[in-house]
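Here is a quick tour of one protein model, written for someone who would rather be at the bench. Have a look at the sequence and structure first, and then we'll walk through a few spots.

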Amino acid sequence: MNDRGENGAMEEKPVNLIYLLGAGRSGTTMLATILNNHPNIHTVGEMHQFLDYLLEDKDCSCGENLSLCNFWAPVLNDIDLSLLKNKANVALSNSLEKHHNIPLLLLGKPLNTTYSAMTDMVFKAIHTKVSKPWLLDSSKYISRYLLLRKNKNINLKGIYLVRDVRGVVYSFGKNVQTPKNPLSAIFYYSLVNIWAQLVSLLDRKVIKIRYEDFVNEPELTIQKIEKHLFGKTENISDLNDKTFDIPHIIAGNRLRSQKQLVIKKDVKWKEGISRSKQILYYIAAFPLMAINKYKP
Ligand SMILES: [Zn+2]
């Protein structure tokens, strides 16, 4: 990418970064994997967990420890691990990215310099190892998006992914790493999506995508995303026929234990949840469901 050399003064170009916002179980890992197939986009996973992965040398999605993974090992060589593995810095980063910081960040709370130095270092190191011009971070956390937006070394675009609350509730009820009962799933869903709606309204760099539109009409949806990100679209073949390789990603949902995935329609919850509960969940998340044009 950058042929100015390690110390060239010219290389202080901002890192191009796409960020996925939304609630867990909304299909972000799926969208991130399919976007990785795009010639301009390289998906790196849920980077808000990168420091924890680093500290414990957890597994990349390829199954190797981060320090042994073909993709991540060279990246780690390029970063100052003492800064990133410092327990106080990890705690600072985790605390800044919590939901309760969203209002303050929206009201103009300045960016913490240690936090931004850590973020810059990681993304720059990745950027130099990747030939595609845009990295994709699928962390979902809204506060992290707002922090990245304040960082002048990052050229940021957002994709807010929203899914019918019933698909999310159904997905949380399955055997996942972080199961939630319907009540807490709806509460969490509403909290995250209200903030994400607000950010997508205030910030023209964020495009809102419905997960259902993406799985029903993937080509059209990808074209809409491309137009938002790059101002133009490429010719896309039929995505429904394809299998997609999962790249070397940090965290993500259980899809990552598979090596490949295909696009599937979001219909399981329609049979898995009784009609009366479907209506109840719909009402519980009503304003959001109506805003996003979901039908009861
Ligand atoms: Zn890997």
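## The chain as a whole

The protein chain exposes about 14,300 Å², and carbon and sulfur atoms supply 53% of that area. Keep in mind that this is a predicted model. Of the 296 residues in the protein chain, 51% count as buried.

As for secondary structure, the protein chain comes to 15 helices and seven strands. Its radius of gyration is 19 Å, close to the 19 Å that the globule rule gives for 296 residues, so the chain is as compact as a globular protein of that length. Taken along the principal axes, the C-alpha atoms fill a box of roughly 60 × 45 × 35 Å. Look at contacts between residues at least 6 apart in sequence, and 75% of them join residues at least 24 apart.

## The zinc site

Which protein atoms hold on to the zinc ion as donors? They are the SG atoms of C60, C62 and C69 plus ND1 of H248, lying 2.0 to 2.3 Å from the metal. Along the chain, these donors follow the spacing C-x1-C-x6-C-x178-H.

The site is tetrahedral, with angles of 96 to 117° among the four donor atoms. For reference, the ideal angle for four tetrahedral donors is 109.5 degrees.

Are C60 and C62 buried or exposed? C60 is buried, because its relative accessible area of 2% falls under the 20% cut-off. C62, on the other hand, counts as partly exposed at 28% relative accessibility.

## T28 and its contacts

T28 sits in helix α1, which covers residues 28–35. At 3% relative accessibility, T28 counts as buried.

What does T28 touch, leaving aside residues up to four places away in sequence? The answer is L20, K140 and L161. There is also a long-range pairing to look at: T28 and S139 are 111 residues apart along the chain, yet their C-alpha atoms are separated by 8.7 Å.

## Two positive phi angles

R25 is not a glycine, but it has a positive phi of about 65°. You'll find R25 in the loop between β1 (15–21) and α1. R25 is buried, with a relative accessible area of 11%.

D57 also has a positive phi, about 45°, without being a glycine. D57 lies in the loop between α2 (50–56) and α3 (72–77). With 24% relative accessibility, D57 counts as partly exposed.

How values were computed: Residues are numbered from 1 along each chain as its sequence is written. This is a predicted model: local features need pLDDT of at least 70, side-chain atom pairs count only at pLDDT 80 or more; totals for chains, interfaces and linings use all residues. Side-chain values use heavy atoms; hydrogens and water are left out. Donors are N, O and S atoms within 2.8 Å of the metal (3.2 Å for Na, K and Ca); water is not among the atoms, so sites may look incomplete. Four donors count as tetrahedral if all angles lie between 85 and 135 degrees; four count as square planar and six as octahedral if opposite donors are over 155 degrees apart and all others between 65 and 115; anything else is irregular. Buried means under 20% relative accessible area, exposed over 50%, partly exposed in between (1.4 Å probe, protein chains only). Helices (H or I, at least four residues) and strands (E, at least two) are DSSP runs, numbered from the N terminus. Contact means heavy atoms within 4.5 Å. The radius of gyration is taken over C-alpha atoms; the globule rule is 2.2 Å times the number of residues to the power 0.38. Accessible areas come from the Shrake-Rupley method with a 1.4 Å probe; for residues, only the protein chains shown count as cover.
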